[in-house]
Amino acid sequence: MADEDEILDLEEEEEGEEEEVTDLSNSDVCTKYQEAAKIVNTTLEGLVSQCIPGAKIIDLCQFGTTVMQAQAGKLYTKKNSDGQLMDRGVAFPVCISVN
């Protein structure tokens, strides 16, 4: 019986909270995608300039990751309830093909 009461309490809490819109109809979501695209384009420009004969792939990948993390760190400064910065990072590693 206690389990049913807990479920009902959770359902009531969920009904009281508004769901955040996370699709492209939300202008904040569009802005985040646009800013992420700017970060990626900046990174690609930097990587192209670093691609010279004799450059090591690992150095290029580390450079790309560093640029993305630095740019994202400037933009996304949201803090959690404890006042600490929320975790953020690169979703996909920088991958470069030798060909």
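Before I start on the cysteines, I'm pinning down one word: a residue is exposed when its relative accessible area is over 50%. By that cut-off C95 is exposed, because its relative accessible area comes to 65%. I'm noting here too that this is a predicted model.

**Cysteines**

I looked for disulfides next and found 0 in the structure. C51 is in none, and the nearest cysteine sulfur, which belongs to C61, sits 9.6 Å away. What about C95? The sulfur closest to that of C95 is also in C61, at 6.6 Å, and that is too far for a bond because a disulfide needs the two sulfur atoms within 2.5 Å. I also checked cover at C51: this cysteine is partly exposed, at a relative accessible area of 45%.

**The chain as a whole**

I counted secondary structure and got 3 helices and 0 strands. Along the sequence the order reads α-α-α. How much of the chain is buried? Of the 99 residues, 13% are buried. The exposed surface adds up to about 8600 Å², and I noted that carbon and sulfur atoms supply 53% of that area. I then took the contacts between residues at least 6 apart in sequence and asked how many reach further along the chain; 47% of them join residues at least 24 apart.

**The largest pocket**

I went looking for open space and put the volume of the largest pocket at about 800 Å³. Its lining has 25 residues, and the ones nearest the centre are A36, A72, G89, V90 and A91. Two elements each give two or more residues to that lining, namely α2 (27-50) and α3 (57-75). Which element gives the most? That is α2, with 9 residues. I sorted the lining by type as well and got 18 nonpolar residues, 3 polar and 4 charged.

**T43 and F63, across α2 and α3**

I picked T43 in helix α2 and F63 in helix α3. Is T43 buried or exposed? T43 is buried, since its relative accessible area is 3% and the cut-off is under 20%. F63 reads differently on my list: at 28% relative accessibility, F63 counts as partly exposed.

Then I went through their partners, leaving aside neighbours within four places in sequence. On that basis T43 is in contact with G64, V67 and M68. With neighbours within four places again left out, F63 is in contact with G46, L47 and Q50. I also took the spacing of the pair: F63 and T43 are 20 residues apart in sequence, and their C-alpha atoms are 8.6 Å apart in space.

**T77, past α3**

My last stop was T77, and I wanted to know where it falls relative to the helices. T77 is in the segment after α3. I entered T77 as partly exposed because its relative accessible area, 46%, falls between the 20% and 50% cut-offs. I compared its position with that of D87: the two are 10 residues apart in sequence, and C-alpha to C-alpha they are 9.7 Å apart in space.

Key. Residues numbered from 1 in each chain as written. Predicted model: local features only at pLDDT ≥ 70, side-chain atom pairs only at ≥ 80, totals over all residues. Heavy atoms only, no water. Buried < 20%, exposed > 50% of the residue type's maximum accessible area, 1.4 Å probe, protein only. 1 Å grid on protein atoms, 1.4 Å probe; cavity = no way out; pocket = protein on both sides within 12 Å on 5 of 7 lines; lining within 4 Å. Points joined across faces, edges and corners; volume = space filled by probe spheres on them. Helix = DSSP H or I, 4+ residues; strand = E, 2+ residues; numbered from the N terminus. Nonpolar A, V, L, I, M, F, W, Y, C, P; charged D, E, K, R; others polar. Contact = heavy atoms within 4.5 Å. Areas by Shrake-Rupley, 256 points an atom, 1.4 Å probe, with all protein chains shown as cover.
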